[in-house]
Amino acid sequence: MTTRLFEEKEHVLYYLKYRFSPPQKIQDMIFNYIHQKLDKPYELAVDVGCGTGQNTKILASHFQNVLGVDVSEAQIEEAKIAVNFPNTTFRVSPAEEISVDDESVDLLTAHAAVHWFDIGKFMKEVDRILKPGGCLALFCYYPPREVHYKDRSEKMSKVISEVDNLLSKYQHEKMKLVRTGYKEIFEVIPYTNKLRRDGILTKIAMPLAGLMGFVHSLALFQMYRTAEPTQAMELIKTTEERFLEIMDVPSNETEIEVCFRYFLLLASKPKEKQQCNL
Ligand SMILES: C[S@@+](CC[C@H](N)C(=O)[O-])C[C@H]1O[C@@H](n2cnc3c(N)ncnc32)[C@H](O)[C@@H]1O
């Protein structure tokens, strides 16, 4: 069954403002893989669960055409405004039934999204739409537990870890796939040519306000806010105050560095038809 958590306009606006594109290191790993596996021209990439298009826009300069799909109308509405490239289109569509032709896609990506899908149906759809030799890139990051600021990183990291510990109690069943680094999803990719990379360390500089906005945009936080609206908003306020006190600065525009540990699944569909266990 499709999980609907990203429909609310306010949540989507947090998304648009505070979610980031995949770091350069991850982009390089994906494109190096494609260059090894895929023959040019690269005609079509599909970004599934595209949200407001943070990953979709990265694909635009590498492919003749890019399609971003998401089950949330609100996300697609904002993606269309935010990403305005002539070769990129967005469409409301479930990941499990994407309206593109059989064997027409060179690369299919899902950034921080596949754990929400019906994995069995999605893998069948992947196999239907990928060209022979086409590639799949599924990637995400663990909730951040490391924040750096001058010599105060230990105290800063303790605060964000406490926030994660609290929010993890409100974890949706599907988020467990994130906590295990997509190990289970890797197992069901129906191709033998596949690899899994874990613990890819990336650091993203952002103002403290950016980290607070990111926390606000998390599905975990949305679930907490639904269960405990007053406490949830209080958590954002007190967490920011704790950070400011540790940093000994007055402004939440002060820059910090947040560590994200990514995991990445890469696979390529066989060029020749093979028996496939789907
Ligand atoms: C955590 S967001 C990630 C968005 C974006 N890829 C990014 O990089 O920020 C997950 C997205 O997956 C979408 N989603 C969840 N289940 C879906 C499904 N079955 N089919 C398509 N999209 C889905 C949600 O609407 C949401 O926009």
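Okay, let's start at Pro-41, which sits in the loop between helix 2 (24–37) and strand 1 (44–48). Helices here are DSSP runs of H or I with at least four residues, strands are E runs of at least two, and both are numbered from the N terminus. The peptide bond from Lys-40 into Pro-41 is cis, with omega near 5°.

Before I go on: this is a predicted model, where local features need pLDDT of at least 70, side-chain atom pairs count only at pLDDT 80 or more, and totals for chains, interfaces and linings use all residues. Residues are numbered from 1 along each chain as its sequence is written, and side-chain values use heavy atoms, with hydrogens and water left out.

One more backbone oddity: Lys-150 has phi near 40°, a positive value in a residue other than glycine. That lysine, Lys-150, is in the loop between strand 6 (146–148) and helix 6 (153–167).

Now the ligand. Which residues come nearest to it? Tyr-15, Gly-49, Asp-70, Ala-95 and His-111, out of 20 around the ligand, where "around" means a heavy atom within 4 Å. By class, that shell has 10 nonpolar, eight polar and two charged residues. Nonpolar means Ala, Val, Leu, Ile, Met, Phe, Trp, Tyr, Cys and Pro; charged means Asp, Glu, Lys and Arg; the others, Gly among them, are polar.

For polar contacts, think N or O pairs within 3.5 Å. A side-chain N or O of His-111 is 2.7 Å from a ligand oxygen. Ligand nitrogen shows up too: a polar side-chain atom of Glu-96 is 3.1 Å from one, and a polar backbone atom of Val-71 is 3.2 Å from one. The protein covers 98% of the 600 Å² of accessible area that the ligand has on its own, by Shrake-Rupley with a 1.4 Å probe.

On to cavities, meaning sets of points on a 1 Å grid over the protein atoms alone where a 1.4 Å probe fits but cannot get out. There are four of 30 Å³ or more, and the second largest has about 190 Å³, volume being the space filled by probe spheres set on the points. Its lining (an atom within 4 Å of a point) has 15 residues, with Arg-19, His-115, Tyr-141, Met-175 and Leu-218 nearest the centre. That lining splits into 13 nonpolar, one polar and one charged.

Last, salt bridges: a Lys or Arg side-chain nitrogen within 4 Å of an Asp or Glu carboxyl oxygen. The structure holds 16. One of them joins Asp-127 and Lys-269, with closest N and O atoms 4.0 Å apart. Those two are 142 residues apart, with Asp-127 in helix 5 (residues 119–129) and Lys-269 in the segment after strand 8 (255–268).

Definitions and conventions
1 Å grid on protein atoms, 1.4 Å probe; cavity = no way out; pocket = protein on both sides within 12 Å on 5 of 7 lines; lining within 4 Å. Polar contact = N/O pair within 3.5 Å; in protein donor to acceptor, adjacent residues only side chain to side chain.
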